[in-house]
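Me: Could you take a close look at one small part of this model for me, and then work outwards from there? I'd like to follow it residue by residue with the structure open beside me.

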Amino acid sequence: MAVYTEVQDEELAAFLATYDIGTVLSYKGIAEGVENTNYFLHTTAGSYILTLYEKRVRQEDLPFFIDLMQHLARKGLNCPLPVNNSQGEALGRLAGRPAAICTFLDGIAVRRPTAQHCGALGAALARLHLAGQDFGQVRPNALSIDGWPPLFAQAETQADTVSARLAERTRRELEALAAEWPSGLPSGIIHADLFTDNVFFIGAEVSGLIDFYFACTDAFAYDVAICLNAWCFEADGSFNLTKGRALLAGYRSVRPLAAEEVEALPVLCRGSAMRFMLTRLVDWLNVPPGALVKPKDPLEYDRKLNFHRHVRHARELGLAA
């Protein structure tokens with residue numbers, strides 16, 4: 001979450017007048033994340049999140065995200081539920097941006113997840129994959145392997161200002177991934193951005209999943225790879241095998257992994273690391289002036305890429321026999 005667009009009091013009042021969510025008691029920007037502008041709303045009826053959509057979120061994709069959250073909520077997954085306005089629509093416009101209000105979820109995001117958190121997250125991810133199987137819409141993953149070269153093109157000339165020879169490393173890795181990338185894996189709706197700040201816990205139990213604005217149709221195992229990278233590395237850059245084992249066991253307790261998914265997991269982890277290194281690199285080099293946002297370090301994922309180059313089997317990521 002982040003604040004790119006400042007909302008004036010008068011604009012907010014006019015926008016909220018079309019919703020039946022009580023009187024606003026307070027609101028404040030949430031200066032985390034990198035994609036959309038978010039405000040926490042506290043009203044006489046409860047707490048909500050107001051999101052203004054910008055950057056990579058295309059306006060034509062918004063109905064997909066709204067419908068998906070409504071579908072998952074109906075299937076019993078605890079995720080934000082978009083609130084309809086007086087016209088029965090979940091999408092409106094505020095400060096020149098598409099905007100929506102969603103329900104607020106209880107719980108906290110853990111900064112340093114334990115193996116127990118990772119196990120619970122793995123099971124929640126599998127439940128998400130199963131809940132989305134009968135969702136009737138499809139959205140291709142624009143940030144999968146075909147989208148990485150155009151991203152790199154945006155940053156290639158400045159990459160070495162971030163780290164020596166980063167451009168050369170990235171070119172070599174893109175070539176290797178293009179040659180090795182799997183196809184035909186079991187697929188469906190994936191979250192595609194399930195970092196620790198997008199999962200809420202009460203104690204060691206998952207209380208909610210948020211931020212579905214990268215959700216798309218892709219390989220389930222790619223979503224698992226994203227989570228292994230986001231949840232199982234320590235601050236010193238080392239991979240925590242115990243956490244990887246817990247995450248994968250939690251996932252497999254709900255949805256078994258097919259043999260071809262197991263075989264593909266190492267290269268999917270490399271690809272996931274490449275995707276987030278590239279988007280972070282582009283963001284690092286292009287922070288909008290005055291934005292209340294701190295870009296995330298692309299070199300964290302460059303280091304994860306280096307680890308995954310040497311992984312040959314899912315056992316090295318924690319997969320038990």
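Reply: Happy to! F200 stands opposite G208 in β8, and that pair is a good place to put your cursor. Please keep in mind that this is a predicted model. The strand β7 covers residues 199-202, and four bridges join β7 to β8, which spans residues 205-209. The two strands run antiparallel. Two residues lie between them in the hairpin, where G203 takes a positive phi near 65°.

Now step back from β7 to the loop that precedes it. N198 sits in the loop between β6 (187-190) and β7. Is N198 buried or exposed? With a relative accessible area of 5%, N198 is buried, since the cut-off for that label is under 20%. Setting aside neighbours within four places in sequence, N198 touches H191, D193, G208, L209, I210 and D211. G208 on that list is the residue you have just seen opposite F200.

A192 belongs to the loop between β6 and β7 as well. Its phi is positive, near 75°, although A192 is a residue other than glycine. Most residues other than glycine have a negative phi. A192 is also buried, with a relative accessible area of 5%.

R165 makes a nice comparison. R165 has a positive phi of about 65° and is not a glycine either. You will find R165 in the loop between α4 (148-155) and α5 (166-180). Whereas A192 is buried, R165 is exposed, with a relative accessible area of 53%.

Next, the sheet at lower residue numbers. Five strands form an open sheet in the order β1-β2-β3-β5-β4, with antiparallel pairing. β1 (24-29) and β4 (92-94) stand at the edges with a single partner strand each, so one side of each has no neighbour in the sheet. From one strand to the next, the twist averages 35°. Strands of a sheet pair through backbone hydrogen bonds. At the β4 edge, three bridges join β4 to β5 (residues 97-103), and these two run antiparallel. R93 has P98 in β5 as its bridge partner. Helix α1 (residues 9-16) lies across β1, β2 (37-43), β3 (46-52), β4 and β5. The direction of α1 is at about 165° to β4.

From there, look at two helices that meet, α3 (residues 115-131) and α6. Their axes come within 11 Å and cross at roughly 155°. That makes α3 roughly antiparallel to α6, as the label applies to angles over 145 degrees. The contact is made by H117, C118, L121, L125 and H129 on the α3 side, and by F220, D223, V224, C227 and W231 on the α6 side. The crossing itself is right-handed.

How much of each helix is covered? In α3, 13 of 17 residues are buried. In α6, twelve of twelve are buried, including F220, D223, V224, C227 and W231, which are the residues that meet α3. Both helices also have the length you would hope for. The 17 residues of α3 should span 24 Å at 1.5 Å a residue, and the end C-alpha atoms are 24 Å apart, which agrees. For the twelve residues of α6 (220-231), the expected span is 16 Å and the end C-alpha atoms are 17 Å apart, again in agreement.

Finally, move along to α8 (residues 259-285), the helix that holds V282. V282 counts as buried at 8% relative accessibility. Leaving out neighbours within four places in sequence, V282 is in contact with L151, Q154 and A155. V282 and F152 are 130 residues apart in sequence, yet their C-alpha atoms are 7.9 Å apart.

The same helix, α8, also packs with α9 (residues 298-308): the axes come within 8 Å and cross at roughly 160°. That makes α8 roughly antiparallel to α9. α8 passes α9 in a left-handed crossing, whereas the crossing of α3 and α6 is right-handed. Among the α8 residues that take part are C269, M274, F276, M277 and W284. On α9, the residues include P298, Y301, L305 and H308.

Technical notes:
Residues numbered from 1 in each chain as written. Predicted model: local features only at pLDDT ≥ 70, side-chain atom pairs only at ≥ 80, totals over all residues. Heavy atoms only, no water. Expected span 1.5 Å × (residues − 1). Buried < 20%, exposed > 50% of the residue type's maximum accessible area, 1.4 Å probe, protein only. Pairing = 2+ DSSP bridges. Axes fitted to C-alpha atoms, helices over the stretch in contact; angles between N-to-C directions. Contact = heavy atoms within 4.5 Å. Parallel < 35°, antiparallel > 145°, perpendicular 65-115°, else oblique. Left-handed = near helix turned anticlockwise from the far one by under 90°.
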